[in-house]
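Biologist: Can you walk me through this one? I'd like the core, the disulfide, a pocket and a few single residues.

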Amino acid sequence: TVCVGSPVDFTSTSTTNPAGYSIETSEWDFGDGQTSSGATQSHTFNQTGTFTVTLNVATEGGYCTDEITQTITVSEGEEIQFDPVTSCTPYTWTEGNGETYSEPGVYEVVYETQTESGCPRTEYITITISDVEEINLDPVTECDSYTWNGQTITESGTYDHETTNEQGCPRI
């Protein structure tokens with residue numbers, strides 16, 4: 001099995017026959033419409049599939065000929081775009097690189113590995129780590145009581161009201 005776009009080296013190990021005639025021609029048919037001549041060849045398959053590579057050899061004057069075939073499976077790499085992730089807490093990308101992202105920010109992550117057949121596999125994900133959002137409102141002065149977010153306040157002080165933002169992260 002080889003990957004699309006990767007060169008494959010072929011070598012004829014044909015030798016002279018018992019009568020002493022030397023190999024005069026080595027003709028390759030790569031099964032993808034391409035052919036070549038010579039004992040050694042490098043060929044790049046540009047499409048996926050299963051190809052039968054054939055080598056035909058002949059001695060001087062065509063006295064002896066022989067043919068051998070080899071099946072080549074050509075696979076392609078993979079590109080996978082994972083759905084974006086937004087988190088308020090550290091996030092570990094277990095499907096990809098296994099790294100944990102904990103600082104607030106946007107991470108455009110690219111992870112390169114190989115497929116089972118050894119071809120390139122590239123994975124992409126956008127990870128957004130949101131921070132706790134703090135909102136400080138202007139002070140309010142009231143004489144007896146003040147109702148804020150459904151709560152009646154009767155004593156002076158600093159009060160927090162926790163909600164969540166559109167990413168589901170705490171907003172204080």
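Modeller: A term before we start. A nonpolar core here is a set of buried Ala, Val, Leu, Ile, Met, Phe, Trp, Tyr and Cys residues joined through side-chain atoms within 4.5 Å. Also, this is a predicted model.

Biologist: Fine. Which residues make up the largest nonpolar core?

Modeller: Twelve residues in all. The aromatic ones are Phe 10, Trp 28, Phe 30, Phe 45 and Phe 51. Val 2, Val 8, Val 53, Leu 55, Val 57, Ile 72 and Val 74 complete the set.

Biologist: Which elements give two or more residues to this core?

Modeller: E2, E6 and E7. E6 gives the most, with four residues.

Biologist: Take Val 53. What is Val 53 in contact with, leaving aside neighbours within four places in sequence?

Modeller: Core members Phe 10, Trp 28, Phe 30, Phe 45 and Ile 72 are among its contacts. Val 53 also touches Asp 29, Ile 68, Thr 69 and Gln 70. Apart from the largest core lies another core, of eight residues. Tyr 91, Trp 93, Tyr 101 and Val 109 are among them.

Biologist: Now the disulfide. Which cysteines does it join?

Modeller: Cys 3 to Cys 119, with S to S at 2.2 Å. The count is one disulfide.

Biologist: Where in the chain are Cys 3 and Cys 119?

Modeller: In distant parts, 116 residues apart. Cys 3 is in strand E1, residues 2-3. Cys 119 is in the loop between strand E12 (105-114) and strand E13 (120-129).

Biologist: Are Cys 3 and Cys 119 buried or exposed? And why is the disulfide called left-handed?

Modeller: Both cysteines are buried. The torsion about the S-S bond is about -110°, so the disulfide is left-handed.

Biologist: What about Cys 64, how does it count?

Modeller: Cys 64 counts as partly exposed, because its relative accessibility is 28%.

Biologist: Back to Cys 119 for a second. What does Pro 120 look like, buried or exposed?

Modeller: Pro 120 is exposed, with a relative accessible area of 53%. Its place is in strand E13. Leaving aside neighbours within four places in sequence, Pro 120 is in contact with Cys 3, Gly 77, Glu 78, Thr 113 and Thr 115. Its C-alpha is 8.5 Å from that of Glu 79, 41 residues apart along the chain.

Biologist: Switching to the second largest pocket. What volume does it have?

Modeller: About 280 Å³. It is lined by 15 residues. Closest to its centre are Thr 11, Ser 12, Trp 28, Leu 55 and Ile 68. Trp 28 and Leu 55 also belong to the largest nonpolar core.

Biologist: Which strands give two or more residues to that lining?

Modeller: E2 (7-11), E6 (49-59) and E7 (65-75). E7 gives the most, with five residues. By class, the lining has six nonpolar, seven polar and two charged residues.

Biologist: Two more residues, then I'm done. What's around Asn 56?

Modeller: Asn 56 lies in strand E6. Beyond its neighbours within four places in sequence, Asn 56 contacts Thr 25, Ser 26, Glu 27, Asp 66 and Glu 67. At 31% relative accessibility, Asn 56 counts as partly exposed. The C-alpha atoms of Asn 56 and Ser 130 are separated by 65 Å.

Biologist: And Ser 87, buried or exposed?

Modeller: Buried, with a relative accessible area of 12%. Ser 87 lies in strand E9, residues 85-87. Leaving aside neighbours within four places in sequence, Ser 87 is in contact with Thr 128, Ile 129, Ser 130 and Cys 169.

Definitions and conventions. Residues are numbered from 1 along each chain as its sequence is written. This is a predicted model: local features need pLDDT of at least 70, side-chain atom pairs count only at pLDDT 80 or more; totals for chains, interfaces and linings use all residues. Side-chain values use heavy atoms; hydrogens and water are left out. On a 1 Å grid over the protein atoms alone, a cavity is a set of points where a 1.4 Å probe fits but cannot get out, and a pocket is an open set with protein on both sides within 12 Å along at least five of seven lines; lining residues have an atom within 4 Å of a point. Grid points are joined across faces, edges and corners, and a volume is the space filled by probe spheres set on the points. Ala, Val, Leu, Ile, Met, Phe, Trp, Tyr, Cys and Pro count as nonpolar, Asp, Glu, Lys and Arg as charged, and the others, Gly among them, as polar. Buried means under 20% relative accessible area, exposed over 50%, partly exposed in between (1.4 Å probe, protein chains only). Contact means heavy atoms within 4.5 Å. A disulfide is a pair of cysteine sulfur atoms within 2.5 Å.
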